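Q: Please explain how the assignments in this model follow from their definitions.

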Amino acid sequence: MNIQEIIAKKRDKKELTKEEIVYFVTNYTNGIIPDYQAAALTMAIYINGMNEEETTNLTLAMAHSGDILDLSGFGTVVDKHSTGGIGDKATLILAPIIASLGIPVAKMSGRGLGYTGGTIDKLESISGYQTNITIEEFRKNVGNIGISLMGQTLNLAPADKKLYALRDTIAATESIPLISSSIMSKKIAAGANKIVLDVTCGSGAFMKSLSQAIQLAETMKKIGELAKKETVCIITSMEEPLGESVGNSLEVIEAVQALRGKMAADVQEVVLTLGAYMIKLAGKGDNIEENKQKMLTQIQKGEAFQKLKELIQIQGGDISCIENLELLPKAKYVMPVLATEKGYVKTLDAKSVGEVSMYLGAGRMKKEDCIDPAVGIILKKKIGDYVREGEVLAYIHANSEEKGKEAINQLLNCYEIIEERIEKKSGILKVI
Ligand code: URA
């Protein structure tokens, strides 16, 4: 067997055998297959796809490219993952709420990919927070306080770590077999028994249409079933960014405010729905509406915020930053974006907002780029809101005046304002 033959088979739209997939994953992980051949095969998969059996074999080969964590000592561990979005701070809010209910949260999160943000980058805007802890520390934290959020370590699904970074550099992100194997391999390796997936759909998501999102959700659910991990997929809208803020420390601020009881309606809908299904899968309540109420109670009692503080402290972070949000990284310039016409916001293109945020430095253009935790956007008007001419649509947080000014123009182009009234729509599109 050799890699050229495998690339040629997929180039010619043929099905790969389990042995060929394992050969590729093993030899790419250990460095024998170079990036350029892996890139060629990845692009062939992107263009020609994979059937269910190939996708499952790719997922399992990637999951077994490193260690498989055994979390059985913690009872039912429910994991959550998103297929990526703009302003998606759901994990930062959801994880402490769920852990505060006594349901263990052991989550391996990712960095930003393309124009989408990543939880790990957001957590790193908290001074001292360690995302690259060892597996032993991860387990210890879950044992001690019921929660740990860490970055992808070398030992868990290392094939995904390499392929994920490679895909980002060759424009091969939006692919059902590649996304489902990436996510499910990490979930299988990280040892959770049950999985809730936020499958985003719309301009700012990898899946642009509902039918694509359903196909991705069904593929991941099937892989979950085969791996004996009950999986629920919630398809959520990513036509506009989630919540008010886009950018790393700005999203941490929004998450902290949410845990203190001030949560934007769209964020609340997504967080409560994902969480209610996590509680259900954990066997702690079958009634979705009651589960949502339990989560709100944890916020009102301050228990969820307390859990976030415990998490930050145990992972080396400075909790004074979240007790006093002024201590988080702040941009030098805060510039208003003023509406040039009156009317109702019809569109606020999530992908374009993500690109403005990347331009400001909140995301990476190349995988070696450093991100600026302080910069980003605060959206004051979203789809369905009425705006007067000259009213503030948003604020740009920039560290360069020149970039800030350019970002104002870019952000204005993300908005479409019309005279007719626009209804706000639910962000939950389907549960699978
Ligand atoms: N999240 C992942 O972990 N992998 C992808 O491919 C996309 C989103």
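Q: What makes β1 and strand β4 (residues 194-201) a pair, and in which sense do they run?
A: Two strands pair if DSSP finds at least two bridges between them. β1 and β4 share 5 bridges, so the criterion is met, and the sense is parallel. One of the bridge partnerships links Val 78 to Lys 194 in β4. Strands are DSSP runs of E with at least two residues, and helices are runs of H or I with at least four, numbered from the N terminus.

Q: On what basis was the model prepared for this analysis?
A: The model is predicted: local features need pLDDT of at least 70, side-chain atom pairs count only at pLDDT 80 or more, and totals for chains, interfaces and linings use all residues. Residues are numbered from 1 along each chain as its sequence is written, and side-chain values use heavy atoms, leaving out hydrogens and water.

Q: Which order do the 4 strands of the open sheet follow?
A: The order is β1-β4-β5-β13, with mixed pairing.

Q: Why are β1 (78-82) and β13 (428-431) called edge strands?
A: Each of β1 and β13 pairs on one side only.

Q: Why is Ala 44 called buried?
A: Buried means under 20% relative accessible area, exposed over 50% and partly exposed in between, with a 1.4 Å probe and protein chains only. Ala 44 has 8% relative accessibility and therefore counts as buried. Ala 44 is found in helix α3 (residues 35-48).

Q: What does Ala 44 touch, not counting residues up to four places away in sequence?
A: Contact means heavy atoms within 4.5 Å; Ala 44 touches Lys 10, Arg 11 and Gly 49.
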